[in-house]
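Please open the model in your viewer and keep the selection panel at hand. The stops below say what to pick next and what is to be found there.

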Amino acid sequence: MIDLYILLGLIVIGYVVGQYLEQRHYRSIKQRERDFIGLATTTSKRPIGKIPDPSRVELVEGACVISVDYFKRFVARLRMFFGGNVRSYETLVDRARREAVLRLKAKCSNADQVINLRIETSSITKGRRNQVGSIEVHAYATAIYI
Amino acid sequence: MLITNTEEIPGKQIVECHGVVAGSTVRAKHAGRDIMAGLKNLVGGELKGYTELLIEAREEAHSRMREQAEQLGANAIVNVRFSTSSVAAGASEIYIYGTAVTVR
């Protein structure tokens, strides 16, 4: 019985605090995405449009490790029993990717174009009772300055 | 040293190729960070300790690759790729590789 209360307590804490932190993070992501809207970013290998004579090129990176809260992990475990879309993990990867790209952009905020953007995801807690828990996203690109 | 992940460097011409250069490092998280991360796992959010750890590891691998390119007499590395793999629970390997070239 005590165990059940502890489990419920963890789920409630995870839900309340986790939701609050996630919403705060999303607000900050949206704010920063608006700030960087003028920075042209592409996944293409060559600059788009004419770049007359770039003075400097540079490799830029951004990385981020994010974990899910207890509530979402619990929901995901239930979902894995029935199958289907694991919605609670979708926000996890979405947040991590957007954050990593924003960190990359923050490092080259006065570049003229960011080309060849690549995003890579890896699970850092892999091998531990096949728990998904946390993921790492690493974004890298080439920044071009005129 | 110019480093890019594109096949060529805009505005420059590749005149000589020196071959593949690579750098790698395996890092483990220390117990203190693991405990903090365990607590953070309850409420979710960013695990700052791990982010820093992986950034440090990448810098290390990056500088190893760079040293290798310098020894070959290259002045640029193009087509750089990153890869991460977890060799054991709690340790991850960072591997960076690219092509060392001379540009003009």
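Begin by selecting Thr42(A), which counts as partly exposed because it has 15 C-beta neighbours inside 10 Å; the class is buried if 20 or more other C-beta atoms lie within 10 Å of the residue's own, exposed if 12 or fewer, and partly exposed in between, with C-beta atoms placed from the backbone. Before moving on, note that this is a predicted model, in which local features need pLDDT of at least 70 and side-chain atom pairs count only at pLDDT 80 or more, whereas totals for chains, interfaces and linings use all residues. Residues are numbered from 1 along each chain as its sequence is written, while chains are lettered from A and ligands numbered from 1 in the order in which they are written.

Thr42(A) lies in the loop between β1 (40-41) and β2 of chain A, where helices (H or I, at least four residues) and strands (E, at least two) are DSSP runs numbered from the N terminus. Leaving aside neighbours within four places in sequence, Thr42(A) is in contact with Ile48(A), Ile115(A) and Leu117(A), a contact being two residues whose C-beta atoms, placed from the backbone, lie within 7 Å. Add Thr142(A) to the selection: 100 residues separate it from Thr42(A) in sequence, yet the two C-alpha atoms are 9.8 Å apart in space.

Next, colour the open sheet of 5 strands, whose order is β1(A)-β3(A)-β4(A)-β2(A)-β3(B) and whose pairing is mixed; two strands pair if DSSP finds at least two bridges between them. At its edges are β1 of chain A and β3 of chain B, each of which pairs on one side only. Zoom in where β2(A) and β3 of chain B (residues 44-46) pair in the antiparallel sense over 2 bridges, and there find Ile66(A) opposite Glu46(B).

Now show both chains and select the interface, in which 41 residues of chain A are in contact with 29 residues of chain B. On the side of chain A that touches chain B, α1 (2-35), β2 (56-69), α2 (70-82), β3 (113-123) and β4 (134-145) each supply at least two residues, and the largest share, 10 residues, comes from β2(A).

Then hide chain A and view chain B, which has 2 helices and 5 strands, running β-β-α-β-α-β-β from the N terminus on. Its radius of gyration, taken over C-alpha atoms, is 17 Å, well over the 13 Å that the globule rule (2.2 Å times the number of residues to the power 0.38) gives for 104 residues, so chain B is more spread out than a compact globule. The C-alpha trace of chain B spans about 55 × 25 × 15 Å along its principal axes, and buried residues make up 32% of its 104 residues.

Within chain B, select helix α2 (residues 48-71), whose buried residues include Tyr50(B), Leu53(B), Arg58(B) and His62(B). Just after α2(B), Gly73(B) takes a positive phi of about 80°.

As a last step, colour chain B by pLDDT, the predictor's confidence in each residue, from 0 to 100: the mean is 86, and 92% of the residues of chain B reach 70 or more. The model scores ipTM 0.85 and pTM 0.87.
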